Amino acid sequence: MARQATDLMAQYATYHRDRRNIATHFVGIPLIVFAVGVLLARGQFHVGDYTVTLGWLAWAAATLWYLTRGNLVLGLATALVNAILMALAHPLAAGTMASWLGWGLGSFVVGWIIQFVGHYYEGRKPAFVDDLIGLLVGPMFVVGEALFALGWGQELLAEIERRAGPTHLRDLTHPA
(Lines give C-alpha, C1' and ligand atoms only; values in the text may rest on other atoms or scores of the structure.)
Protein backbone atom coordinates (compact mmCIF):
# COMPACT_ATOMS: atom_id res chain seq x y z
CA MET A 1 0.00 0.00 0.00
CA ALA A 2 1.22 3.50 -0.84
CA ARG A 3 2.37 5.65 2.05
CA GLN A 4 -0.15 8.35 2.84
CA ALA A 5 0.47 12.11 3.17
CA THR A 6 0.29 12.07 6.97
CA ASP A 7 2.96 9.36 7.25
CA LEU A 8 5.17 10.98 4.60
CA MET A 9 4.89 14.45 6.13
CA ALA A 10 5.59 13.16 9.65
CA GLN A 11 8.64 11.20 8.53
CA TYR A 12 9.96 14.18 6.55
CA ALA A 13 9.28 16.48 9.50
CA THR A 14 11.62 14.46 11.73
CA TYR A 15 14.45 15.84 9.56
CA HIS A 16 13.00 19.36 9.67
CA ARG A 17 12.31 20.62 13.19
CA ASP A 18 14.58 23.67 13.24
CA ARG A 19 12.59 26.71 12.08
CA ARG A 20 15.61 28.11 10.20
CA ASN A 21 15.85 24.88 8.24
CA ILE A 22 12.16 25.03 7.37
CA ALA A 23 12.59 28.68 6.29
CA THR A 24 15.46 27.77 3.94
CA HIS A 25 13.25 25.13 2.37
CA PHE A 26 10.77 27.82 1.35
CA VAL A 27 13.49 29.15 -0.98
CA GLY A 28 15.61 26.09 -1.77
CA ILE A 29 12.86 23.65 -2.74
CA PRO A 30 11.04 25.98 -5.14
CA LEU A 31 14.40 26.83 -6.74
CA ILE A 32 15.13 23.14 -7.25
CA VAL A 33 11.66 22.42 -8.69
CA PHE A 34 12.05 25.46 -10.96
CA ALA A 35 15.51 24.24 -12.04
CA VAL A 36 14.20 20.78 -12.88
CA GLY A 37 11.47 22.48 -14.92
CA VAL A 38 14.05 24.56 -16.81
CA LEU A 39 16.28 21.57 -17.51
CA LEU A 40 13.45 19.24 -18.59
CA ALA A 41 11.63 21.85 -20.69
CA ARG A 42 14.09 21.56 -23.54
CA GLY A 43 13.24 17.91 -24.13
CA GLN A 44 10.05 17.99 -26.13
CA PHE A 45 7.97 16.15 -28.68
CA HIS A 46 4.72 16.75 -30.51
CA VAL A 47 1.39 15.05 -30.02
CA GLY A 48 -0.82 16.30 -32.81
CA ASP A 49 -0.88 20.08 -32.57
CA TYR A 50 0.50 20.08 -29.01
CA THR A 51 4.07 20.29 -27.83
CA VAL A 52 4.72 18.17 -24.76
CA THR A 53 7.87 18.62 -22.71
CA LEU A 54 9.62 16.27 -20.35
CA GLY A 55 9.05 18.94 -17.70
CA TRP A 56 5.28 18.76 -18.02
CA LEU A 57 5.42 14.95 -18.12
CA ALA A 58 7.42 14.97 -14.87
CA TRP A 59 4.88 17.41 -13.40
CA ALA A 60 2.00 15.12 -14.45
CA ALA A 61 3.66 12.06 -12.91
CA ALA A 62 4.40 13.92 -9.68
CA THR A 63 0.86 15.32 -9.60
CA LEU A 64 -0.58 11.82 -9.93
CA TRP A 65 1.61 10.76 -7.02
CA TYR A 66 0.54 13.76 -4.85
CA LEU A 67 -3.14 13.18 -5.61
CA THR A 68 -2.94 9.54 -4.50
CA ARG A 69 -1.47 10.23 -1.04
CA GLY A 70 -4.87 10.53 0.65
CA ASN A 71 -5.02 14.31 1.16
CA LEU A 72 -6.71 15.92 -1.83
CA VAL A 73 -6.29 19.55 -0.73
CA LEU A 74 -2.58 19.12 -0.03
CA GLY A 75 -2.11 17.19 -3.28
CA LEU A 76 -3.93 19.81 -5.37
CA ALA A 77 -2.12 22.70 -3.70
CA THR A 78 1.26 21.05 -4.27
CA ALA A 79 0.40 20.34 -7.91
CA LEU A 80 -0.69 23.97 -8.39
CA VAL A 81 2.51 25.40 -6.89
CA ASN A 82 4.62 23.01 -8.97
CA ALA A 83 2.62 23.97 -12.10
CA ILE A 84 3.35 27.66 -11.50
CA LEU A 85 7.06 26.92 -11.11
CA MET A 86 6.98 24.75 -14.24
CA ALA A 87 5.21 27.48 -16.24
CA LEU A 88 7.78 30.06 -15.11
CA ALA A 89 10.63 27.70 -16.00
CA HIS A 90 9.58 26.72 -19.50
CA PRO A 91 10.28 30.00 -21.35
CA LEU A 92 13.92 29.79 -20.25
CA ALA A 93 14.40 26.60 -22.26
CA ALA A 94 13.90 28.58 -25.48
CA GLY A 95 17.05 30.64 -24.94
CA THR A 96 20.59 29.83 -25.94
CA MET A 97 22.25 26.70 -24.66
CA ALA A 98 24.34 28.83 -22.25
CA SER A 99 21.28 30.67 -20.94
CA TRP A 100 19.27 27.46 -20.55
CA LEU A 101 22.07 25.69 -18.68
CA GLY A 102 22.90 28.81 -16.66
CA TRP A 103 19.33 29.14 -15.40
CA GLY A 104 18.79 25.42 -14.95
CA LEU A 105 22.06 24.41 -13.35
CA GLY A 106 22.48 27.73 -11.53
CA SER A 107 19.06 27.50 -9.88
CA PHE A 108 19.65 23.85 -9.06
CA VAL A 109 23.02 24.48 -7.37
CA VAL A 110 21.82 27.57 -5.49
CA GLY A 111 18.70 25.71 -4.34
CA TRP A 112 20.78 22.85 -2.96
CA ILE A 113 23.26 25.19 -1.26
CA ILE A 114 20.33 26.84 0.52
CA GLN A 115 19.02 23.40 1.50
CA PHE A 116 22.36 22.37 2.97
CA VAL A 117 22.63 25.65 4.92
CA GLY A 118 19.25 24.77 6.43
CA HIS A 119 20.45 21.31 7.36
CA TYR A 120 23.48 22.84 9.05
CA TYR A 121 21.02 24.60 11.37
CA GLU A 122 19.10 21.35 11.75
CA GLY A 123 22.21 19.37 12.59
CA ARG A 124 20.86 16.50 10.53
CA LYS A 125 21.25 15.23 6.98
CA PRO A 126 18.46 15.77 4.43
CA ALA A 127 15.60 13.26 4.44
CA PHE A 128 16.28 12.02 0.90
CA VAL A 129 19.61 10.57 2.03
CA ASP A 130 17.69 7.87 3.90
CA ASP A 131 14.67 7.68 1.60
CA LEU A 132 14.70 9.00 -1.97
CA ILE A 133 10.94 9.59 -1.80
CA GLY A 134 11.92 12.64 0.26
CA LEU A 135 12.69 14.36 -3.04
CA LEU A 136 8.96 14.24 -3.81
CA VAL A 137 7.85 14.93 -0.24
CA GLY A 138 9.90 18.16 -0.02
CA PRO A 139 7.58 20.26 -2.21
CA MET A 140 4.54 18.80 -0.42
CA PHE A 141 6.11 19.65 2.95
CA VAL A 142 6.76 23.27 1.98
CA VAL A 143 3.23 23.68 0.61
CA GLY A 144 1.86 22.04 3.75
CA GLU A 145 3.86 24.40 5.98
CA ALA A 146 2.50 27.37 4.02
CA LEU A 147 -1.04 26.06 4.37
CA PHE A 148 -0.55 25.47 8.10
CA ALA A 149 0.60 29.09 8.47
CA LEU A 150 -2.62 30.17 6.73
CA GLY A 151 -4.70 28.16 9.21
CA TRP A 152 -5.46 25.09 7.06
CA GLY A 153 -4.84 21.53 8.22
CA GLN A 154 -4.43 22.05 11.95
CA GLU A 155 -5.31 18.39 12.64
CA LEU A 156 -2.60 17.27 10.21
CA LEU A 157 -0.12 19.68 11.79
CA ALA A 158 -0.99 18.38 15.28
CA GLU A 159 -0.42 14.79 14.13
CA ILE A 160 2.91 15.70 12.53
CA GLU A 161 4.03 17.42 15.73
CA ARG A 162 2.81 14.49 17.82
CA ARG A 163 5.07 12.18 15.79
CA ALA A 164 8.02 14.45 15.03
CA GLY A 165 7.90 16.93 17.90
CA PRO A 166 7.46 20.69 17.80
CA THR A 167 9.65 23.04 15.80
CA HIS A 168 12.48 24.82 17.60
CA LEU A 169 15.70 26.75 17.15
CA ARG A 170 18.66 24.45 17.74
CA ASP A 171 21.36 25.95 19.94
CA LEU A 172 24.41 26.02 17.68
CA THR A 173 26.78 26.98 20.49
CA HIS A 174 25.86 23.97 22.61
CA PRO A 175 24.74 21.22 20.23
CA ALA A 176 23.07 18.21 21.81
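**Buried helices and a surface patch**

Setting aside residues up to four places away in sequence, Gly37 touches Met86, Ala89 and His90 in this predicted model. Gly37 belongs to helix H2, and with a relative accessibility of 0% it counts as buried. Going back along the chain, Ile22 lies 15 residues from Gly37 in sequence, and the two C-alpha atoms are 22 Å apart.

Now for the core. The largest nonpolar core takes in 33 residues, and Met9, Leu74 and Met140 have the most contacts inside it. Two or more residues each come from H1, helix H2 (19–41), helix H3 (54–67), H4, H6 and H7. H6 supplies the largest share, with 7 residues. In soluble globular proteins, nonpolar side chains tend to be buried together.

Met140 gives a good view of the packing. Apart from its neighbours within four places in sequence, Met140 is in contact with Ala5, Leu8, Met9, Trp65, Tyr66, Leu74 and Thr78. Three of these contacts, Ala5, Leu8 and Met9, also appear among the buried residues of H1. The full set of buried residues listed for H1 is Ala5, Leu8, Met9, Ala10, Tyr12 and Ala13. Their cover includes H2, H3, H4, H6 and H7.

Helix H7 (residues 154–164) has its own buried set, made up of Leu156, Leu157, Ile160 and Ala164. Viewed down the axis of H7, these buried residues fall within an arc of 100°, so they line one face of the helix. Glu155 and Arg162 are exposed, and they sit on the face of H7 turned away from the buried side. Cover for the buried residues of H7 includes helix H1 (5–13), helix H4 (72–89) and helix H6 (134–149). H1 and H7 thus turn up in each other's cover. Just after H7 comes Gly165, which has a positive phi, near 95°.

Asn71 brings the loop between H3 and H4 into the picture, as that is where this residue is placed. Despite its loop position, Asn71 counts as buried, at 18% relative accessibility, because the cut-off for buried is under 20%. Beyond its neighbours within four places in sequence, Asn71 makes contact with Ala5, Trp152 and Leu156. Of these partners, Ala5 is one of the buried residues of H1, while Leu156 is one of the buried residues of H7.

That leaves helix H5, where Gln115 and Val117 make a handy pair. Gln115 is placed in H5 and is buried, with a relative accessible area of 4%. Once neighbours within four places in sequence are left out, Gln115 is in contact with Asn21, Thr24, His25, Gly28, Ile29 and Ile32. Thr173 is 58 residues from Gln115 in sequence, and the C-alpha to C-alpha separation in space is 21 Å.

Val117 is found in H5 too, but this residue is partly exposed, at 39% relative accessible area. Val117 also belongs to a nonpolar patch on the surface, together with Val36, Phe108, Val109 and Ile113. The patch as a whole has about 370 Å² of accessible area. Helix H5 (residues 97–122) gives the most to it, with 4 residues.

Technical notes
Residues numbered from 1 in each chain as written. Predicted model: local features only at pLDDT ≥ 70, side-chain atom pairs only at ≥ 80, totals over all residues. Heavy atoms only, no water. Patch = residues over 30% accessible without salt bridge, like charges linked within 9 Å, V, L, I, M, F, W, Y side chains within 5 Å. Areas by Shrake-Rupley, 256 points an atom, 1.4 Å probe, with all protein chains shown as cover. Salt bridge = Lys/Arg side-chain N within 4 Å of Asp/Glu carboxyl O. Buried < 20%, exposed > 50% of the residue type's maximum accessible area, 1.4 Å probe, protein only. Arc of directions from axis to C-beta. Contact = heavy atoms within 4.5 Å. Core = buried A, V, L, I, M, F, W, Y, C linked by side-chain atoms within 4.5 Å.
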